[in-house]
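Biologist: I would like to learn how to read the overall fold and a pocket in a model. Could you take me through it?

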Amino acid sequence: MENKSSITALMSAFVRAYHNETEENPVFRDSIAKRLFTDEEYNQMKNYIISGADFFFPSLDKKSAEPEKILKAVVNTQLAPTPVARAEYCRKRLETEILTGAEQYVILGAGYDTSAFINSGLMHKPEIFELDRPLTQQDKLKRLSRAEIKIPDNLHFIPCDFSVDSLKEKLIDNGFDVTKKTFFSWLGVSYYLTDDEIRKMFSEISSFVSEGSTIVFDYADSGLFSSEIKRVKNMLLMANAGGEPMKFCCDEIYLAKLLEDYNFLIYESLTPDEIDYQILNDSDLTAFENIHYATATIKNTGHINTKEKILQTSLRLFARRGFDSVSVRDIAGELGITQSALYKHYKNKQDIFNSIIQRMEQNDSDKSKKCGVPENKEHYSEINPESFKKFSLEMFRYWTQDSFAVSFRRMITVEQYRNSEMSKLYSQYLSAEPLKYTADLFREMNISDPESKALEFYSPILMLINMYDSADDKSEIYRILKNHIENFNFE
């Protein structure tokens, strides 16, 4: 399945669309999912399900049965209960979390999830991050474009191979703020992973997210593989046939211990009977046997410690109000701690500021290494136009989407006019030094008149960075940027 988008995820989108279209009172109202399919694709999905109906109902006489009745029977019995019920469960949990302070929503293994597009008064509030395998995400983006569905400004698509990529790095590179309360959804995924892979995911999440953040997920209980229930057996056979075999199941006691190993506590766990009663009670759907839904909250994490919260909160205050206008008392008050508690981590405000600069220097170095761009002059000759283009796009994204870099940029932009140290930092990070660095690289690439070419290349980028924050259509800014970089004459 690594070389194609997920069949399981596409089928989930279809059944949500079909359920919304055919039910008078849908369990989960998804008006977007059908638009991800052309009419031809949608009918092909219907015919595909009908053609395989005898797999689910061996005694079915297809010749005498009406196709639509066959389709609805298969969808409502076998295909829809879990995708529809868990989508509604997630919606309810998400709304609660947003109302109680969650500022970020991360969808792991997003597939063709449509929650960011469904009209809701709350969905504009959090920053939303969708992560999935590159090919599945590429296919989704093509479908959204084809349907002319506008992507909200607060939605970030992040291609991610969970087996090799760092979840933390992927999120932070795209603007995730580790100090903010976050809601994670991880639905329809755990079944297909090993115990070690599941532990890796919980371990990684707990290594960087803010205390009080939550995750909603579904899992199969320990009776899954020994079940004699026909539709459970069918589910297992379908997963195998689709190239995505189910691997993991466990009882609630094991799950609770697994979560505790990574600082998570179960907040809520629904059995199939509870799913029927709380979510599916007014519908023709019946919750799948052996499938449970859970919400867990992260507690007592050591990574997003007070020192890190002080650093990030201070930077946001400096960016909003100016360095000189913010006191240690202000920072402590914003965090709800005493000044004495703050002084246990930093000597004074200047010490905090110095740590911010150190972080920026490290981030800057990391970005260069990641993009294969040399920091030292003796390696400048290794650069070429293609790697430099990649680096330029990455740095633009960093300065406009990474929460730490954005706050730092805003701080030095405002403060450069009244603080000589900030003026030097602005020159170092955003104006004179990047321009000089570009000219030096152009010189090594044998580009004629490198200083003028550097000015021609970098000035529009800086202007677009400054325009980005207030732009109504940020995608248009990024389109202009890409066009400028791709069509620049490196001669």
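Modeller: Happy to; this is a predicted model, and we will go from the whole chain to one pocket.

Biologist: Which helices and strands should I expect, by count?

Modeller: The chain has 21 helices and seven strands. Its radius of gyration is 26 Å, close to the 23 Å that the globule rule gives for 491 residues, so the chain is as compact as a globular protein of that length. Along the principal axes, the C-alpha atoms fill a box of roughly 80 × 60 × 40 Å.

Biologist: What percentage of the residues count as buried?

Modeller: Taking buried as under 20% relative accessible area, 53% of the 491 residues qualify. The chain exposes about 22,900 Å², and carbon and sulfur atoms supply 48% of that area. As for contacts, take those between residues at least 6 apart in sequence: 72% of them join residues at least 24 apart.

Biologist: Now to pockets. How is empty space found?

Modeller: Rolling a probe the size of a water molecule over the atoms shows where space is left empty. Here, the second largest pocket has a volume of about 1,600 Å³. It is lined by 47 residues, and the closest to its centre are Leu155, His156, Asn174, Gln401 and Tyr468.

Biologist: Which helix gives the most to the lining of the second largest pocket?

Modeller: That is helix α21, residues 474–486, with six residues.

Biologist: And how many lining residues are nonpolar, polar or charged?

Modeller: By class, the lining of this second largest pocket has 21 charged, 14 nonpolar and 12 polar residues.

Methods:
Residues are numbered from 1 along each chain as its sequence is written. This is a predicted model: local features need pLDDT of at least 70, side-chain atom pairs count only at pLDDT 80 or more; totals for chains, interfaces and linings use all residues. Side-chain values use heavy atoms; hydrogens and water are left out. On a 1 Å grid over the protein atoms alone, a cavity is a set of points where a 1.4 Å probe fits but cannot get out, and a pocket is an open set with protein on both sides within 12 Å along at least five of seven lines; lining residues have an atom within 4 Å of a point. Grid points are joined across faces, edges and corners, and a volume is the space filled by probe spheres set on the points. Helices (H or I, at least four residues) and strands (E, at least two) are DSSP runs, numbered from the N terminus. Ala, Val, Leu, Ile, Met, Phe, Trp, Tyr, Cys and Pro count as nonpolar, Asp, Glu, Lys and Arg as charged, and the others, Gly among them, as polar. The radius of gyration is taken over C-alpha atoms; the globule rule is 2.2 Å times the number of residues to the power 0.38. Buried means under 20% relative accessible area, exposed over 50%, partly exposed in between (1.4 Å probe, protein chains only). Contact means heavy atoms within 4.5 Å. Accessible areas come from the Shrake-Rupley method with a 1.4 Å probe; for residues, only the protein chains shown count as cover.
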